[in-house]
Amino acid sequence: MISKTYLNQYSKIINVISFKVNKYLLEEYVTDKEYTILESFYLRFLSDKTPYYSKIIMYKNKKKRILYEPILELKYIQKFILHTILYKFEYKYNLDECVTGFMAKKGILENAKPHLNRVAIVKMDIKDFFPSITRKMIYNIFRKYNKFSYEYAYILSHLVTYEDALPQGAPTSPFLANICAKGIDYKINKLIEVINRRQKMNIAYTRYADDITISFDKPFNYDYIVNVVTQIIFDEGFYPNLQKTNIIKHHHCQMVTGIVVNNDKPTIEKKQREKIKFILGIWKKYGIDDAINLWNKHKFGRVIDITTDDKGVGKFVEVIEGKITYFQMVNEEQNRRLFEMYKELYNEL
């Protein structure tokens with residue numbers, strides 16, 4: 001929260017940001033030319049903590065994750081910052097090729113491919129990744145890389161943080177987190193570079209947000225890697241989630257960001273494909289209503305609301321098509337038959 005004295009001091013900066021945001025909205029999002037985010041919103045936000053609402057996500061293992069999502073006006077402001085400052089000047093941050101999460105033209109598939117058909121994979125996790133990143137760290141980013149004035153960086157850092165930390169749920173948080181983790185990437189890459197040169201190996205490293213993956217083409221002292229990387233994470237001001245550290249040999253199912261990488265091509269886990277195949281079989285034999293009910297009963301995915309006018313058919317079709325499209329993106333040949341089954345059923349609706 002910023003005091004009223006500070007708000008008055010930064011009123012000119014707020015005026016500039018407000019003008020640029022409204023110009024951006026008219027060009028990119030809003031067709032109604034009367035729609036603007038008033039300067040009073042910035043003043044209200046910067047002196048209060050209300051423009052976020054919490055959203056709890058429950059997982060099957062009964063663990064929960066709390067997201068703090070910005071209200072619409074603040075989300076628009078953060079998208080302006082993301083697209084016109086962070087993405088536009090991405091070259092200034094000099095992010096490494098190993099960074100695959102929330103980057104243009106990269107994703108979970110690009111995160112998995114460097115680890116195909118490896119002797120072993122080490123998977124590690126950064127604990128409380130977003131909450132560990134403070135407003136001061138974000139302020140320093142805008143000052144160091146963007147060369148913004150003290151006042152401009154100060155206001156921007158407040159617009160993208162909540163309770164002095166990166167909120168998990170804001171559109172700007174993933175990219176800013178990648179910048180803050182540059183030190184981790186640099187040190188791990190240097191470590192691997194030395195080992196590869198001395199041991200004549202081809203160790204690969206990628207990071208997807210808080211998920212660290214290191215894979216090996218030859219047997220190695222994997223505990224040594226875990227210990228050194230753990231220390232690197234500590235040194236960079238983060239904490240490793242030791243419970244999620246895992247060493248997976250080739251004779252076990254090796255998965256990287258949900259994709260199986262044991263062979264020369266990425267594939268979808270068999271039980272995931274069998275689940276969709278089973279649901280499609282129920283749809284074909286008993287009808288789409290029974291397929292939806294079974295989907296909800298066994299909690300195969302997002303629960304389908306059957307109280308809608310179409311009894312959930314539209315949403316169910318959207319979910320199934322999304323799953324199969326994702327499967328095909330990973331490996332089209334492996335999932336061609338599933339796609340054909342789905343198309344036959346869809347055309348009969």
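Begin the tour by selecting cysteine 180, which is buried, with a relative accessible area of 13%. The model on display is a predicted one. With the cut-off for a disulfide set at sulfur atoms within 2.5 Å, the count comes to 0 disulfides. Cysteine 180 accordingly belongs to no disulfide, and the nearest cysteine sulfur, that of cysteine 98, is 15 Å away. For another cysteine, select cysteine 253: this residue is partly exposed, with a relative accessible area of 43%.

**Helix α9**

Return to cysteine 180 and extend the selection to residues 173–180, helix α9. This helix is mostly covered, 8 of its 8 residues being buried. Along α9 the buried residues are Ser173, Pro174, Phe175, Leu176, Ala177, Asn178, Ile179 and Cys180. To see what surrounds them, display α4 (72–86), α5 (90–93), α7 (135–144), α10 (182–199) and β4, against which the buried residues of α9 pack.

**Strands β4, β5 and β3**

From α9, move on to one of its packing partners, strand β4, and select residues 204–208. Here 5 of the 5 residues are buried, so β4 is largely enclosed by the rest of the structure. Show the side chains next: Ala204, Thr206 and Tyr208 point one way from the strand, while Tyr205 and Arg207 point the other way. Both sets are buried.

Now add strand β5, residues 211–216. The two strands run antiparallel and are joined by 5 bridges. For one pair within this arrangement, select threonine 206, whose bridge partner in β5 is threonine 213. Between the strands, the hairpin of β4 and β5 has 2 residues. Select alanine 209 in this hairpin, where phi is positive, near 60 degrees.

How many of the 6 residues of β5 are buried? The number is 5, so β5, too, is largely enclosed by the rest of the structure. Add strand β3, residues 120–127, to the display. β3 runs antiparallel to β5, and 6 bridges join the two. Threonine 213 serves again as a landmark, for lysine 123 stands opposite this residue of β5. Threonine 213 can thus be viewed with lysine 123 and with its β4 partner, threonine 206.

**Helices α2 and α3**

Clear the selection and choose helix α2 (residues 11–28) together with helix α3 (residues 39–46). Two packed helices are described by the angle between their axes and the distance between the axes. In this pair the axes come within 9 Å and cross at roughly 120 degrees. That angle makes α2 oblique to α3. The crossing in which α2 passes α3 is right-handed. To display the contact itself, select Ile14, Asn15, Ile17, Ser18 and Val21 in α2, which meet Glu39, Tyr42, Leu43 and Leu46 in α3.

**Glutamate 151**

Next, select glutamate 151, found in helix α8 (residues 150–159). Glutamate 151 is partly exposed, with a relative accessible area of 29%. Which residues does glutamate 151 contact, leaving aside its neighbours within four places in sequence? They are Tyr10 and Ile13. For a sense of scale, select arginine 337 as well and draw the C-alpha to C-alpha distance from glutamate 151, which is 58 Å. In sequence, these two residues are 186 residues apart.

**Two loops with positive phi**

Most residues other than glycine have a negative phi, and most peptide bonds are trans. The last two stops depart from the usual sign of phi. Select lysine 105, in the loop between α5 and α6 (108–112). Lysine 105 has a positive phi, near 65 degrees, in a residue other than glycine. Is this lysine buried or exposed? Lysine 105 is exposed, with a relative accessible area of 83%.

Finish at glutamate 163, in the loop between α8 and α9. Glutamate 163 is not a glycine, yet its phi is positive, at about 55 degrees. This glutamate is also exposed, with a relative accessible area of 52%.

Methods. Residues numbered from 1 in each chain as written. Predicted model: local features only at pLDDT ≥ 70, side-chain atom pairs only at ≥ 80, totals over all residues. Heavy atoms only, no water. Buried < 20%, exposed > 50% of the residue type's maximum accessible area, 1.4 Å probe, protein only. Helix = DSSP H or I, 4+ residues; strand = E, 2+ residues; numbered from the N terminus. Pairing = 2+ DSSP bridges. Contact = heavy atoms within 4.5 Å. Axes fitted to C-alpha atoms, helices over the stretch in contact; angles between N-to-C directions. Parallel < 35°, antiparallel > 145°, perpendicular 65-115°, else oblique. Left-handed = near helix turned anticlockwise from the far one by under 90°.
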